[in-house]
Amino acid sequence: MSKMHEFKELFCHLNSAWLQNEQTVLVILTDVKGSAYRLPGSKMLMTSSGKMFGTVSGGCLEADLFGWAEKVFETNKPLIHQYDLSDTEIWSLGIGCKGDLQFLLLPIFPSNQQWIKVQHLLQQEQGFTLVINMHTGEIAVIEENGSSYFTDDAFPLEIINQAQHIQSIQTRAQVVSLQHTNYLIDTVKPSEHLIVAGAGQDAIPLVELAYKAGFSVTVLDSRTHFNNEHRFPYAVHITTDIENLSNESFSNSWWVIMNHHLEKDEETLRMAIESDPKYIGVLGPTYRTNEILQHIGYSISSGPIYSPVGLDIGAETMDEVAISIVSQMMSLRTGRGAKPLHGKAKIHD
C-alpha cells in the first residue's frame, strides 16, 4: 500500500519536470525479502537532468538506482532490477541492511491517459488501486469502490478481479504472476484526516509533523490572524464558527483538541464525539478533560478519547509534545504498540 501524500508530492515534481521537457522515471520498490528500510509500494522520482525526489532505501541505493534509470531514459522501456544484498554487495554499495530488494523503473509520459487519471484521483484525495504490467509498463487504475477501472490495454480479467478483491484489505503492494507475466498491485488509500482544533503556537509543529507523517490536516479556529496559510502552510483552514459546522463533514476523522479555551474545548470535544471519530486527543490533564466531559454530558468512555494526549516520552517543549502526539497517532494508525524496536529481527513485520 502506498502513502498518498508521498505519491501526490511526486506528481508535483513530475509536472515540473514535464514543463522543462525532462524525461521521468518512477522507481517503485516492488518486493522485499529480509530486512529493508521501506515497504513494497514505496516510490521515488528520477529525472533526466539528474534530480531525485523521495526515497526508497533511506539513501543507500538511490545513487546506484539512478544509473539504471539512465538506461530507461535511453530505451523508454520499463526495467526490473534486483539487489541481492549479500555481504559482498553490502560492502560494495555501503548498505546496512541484508535483504533482497526488487525495483521497477518505469518511464512516465505526460500523454498517458491513465497517469492523468492517477493524478486526478490524487488531487481529489480519492483512493484507488494501481495495477502495473511490470514487463510492458501498461497500467490499470481501479477506483476506490472497485466498480470502475481504466486501462492502457486489455488487462487479464483475472488480475483485475484479484486487485478488486484485495483493494480494501491490502496493507502493502504485492507482485502477482499470471502466464509468465508479473503484475504489481498497489493500493493507494486516502490519508487519514486530522482535525487540529486550535491555532495556537503549539499547533504549528504538530500540524507540520502530522503532515509529514502522512495525515491530511485541517486547522479549525475562527481567528484568521492565527489560522492562515502563513502559519500553517501544510493544512486546510476552517475559520467558520463551530456552531455553523456539521458533524457529517468531519466523519471518521482524527482530532487533537488544543484550543486553550474552556468553552471552545467543550464545543469541539462535543462535535468530535458526535462525528464518529477514529481518535480524540485532548491536551491538558485528565481532571480537566473529565470536567469538560461531565459538563457536556459525556464521559471518557464516550469515544476513543486520549487524555492527556500523546505518549509518555518526557515531552516538555512544543516540538517534543508534537512528537509525542504524532507518535501516538502513528502507533494507533498501524495497530502497533508503542514500544522499542530494540531486539527485533525485522522492523517491518
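**Strand E13 and its surroundings**

User: Which residue in E14 is the bridge partner of Val-219?

Analyst: In this predicted model, Val-219 has His-237 in E14 as its bridge partner.

User: How do you know that E13 and E14 (residues 235–238) pair?

Analyst: Pairing takes at least two bridges between two strands. E13 and E14 are joined by 4 bridges and run parallel, so they count as a pair.

User: What makes E12 (residues 193–197) a partner of E13 too?

Analyst: The same cut-off of at least two bridges applies. Here 5 bridges join the parallel strands E12 and E13, so this is a pair as well. Within it, Ile-195 of E12 faces Thr-218 in E13. To get from E12 to E13 the chain passes through helix H6 (residues 203–212), in a right-handed β-α-β crossover.

User: Why is E13 (residues 216–220) called mostly covered?

Analyst: A residue is buried when its relative accessible area is under 20%. In E13, 4 of the 5 residues are buried, so the description fits.

User: Which residues of H6 are buried, and what covers them?

Analyst: Ala-203, Pro-205, Leu-206, Val-207 and Ala-210 are the buried ones. Their cover includes E12, E13, E14, strand E15 (254–257) and helix H9 (318–334).

User: What makes 6 residues of the lining of the largest cavity nonpolar?

Analyst: The lining consists of Asp-202, Leu-206, Met-258, Met-318, Val-321, Ala-322 and Ile-325. Leu, Met, Val, Ala and Ile count as nonpolar and Asp as charged, so the lining divides into 6 nonpolar, no polar and 1 charged. H9 gives the largest share, 4 residues.

Conventions:
Residues are numbered from 1 along each chain as its sequence is written. This is a predicted model: local features need pLDDT of at least 70, side-chain atom pairs count only at pLDDT 80 or more; totals for chains, interfaces and linings use all residues. Side-chain values use heavy atoms; hydrogens and water are left out. Buried means under 20% relative accessible area, exposed over 50%, partly exposed in between (1.4 Å probe, protein chains only). Helices (H or I, at least four residues) and strands (E, at least two) are DSSP runs, numbered from the N terminus. A crossover is right-handed if, with the strands pointing away from the viewer, the path from the first strand over the helix to the second runs clockwise. Contact means heavy atoms within 4.5 Å. On a 1 Å grid over the protein atoms alone, a cavity is a set of points where a 1.4 Å probe fits but cannot get out, and a pocket is an open set with protein on both sides within 12 Å along at least five of seven lines; lining residues have an atom within 4 Å of a point.
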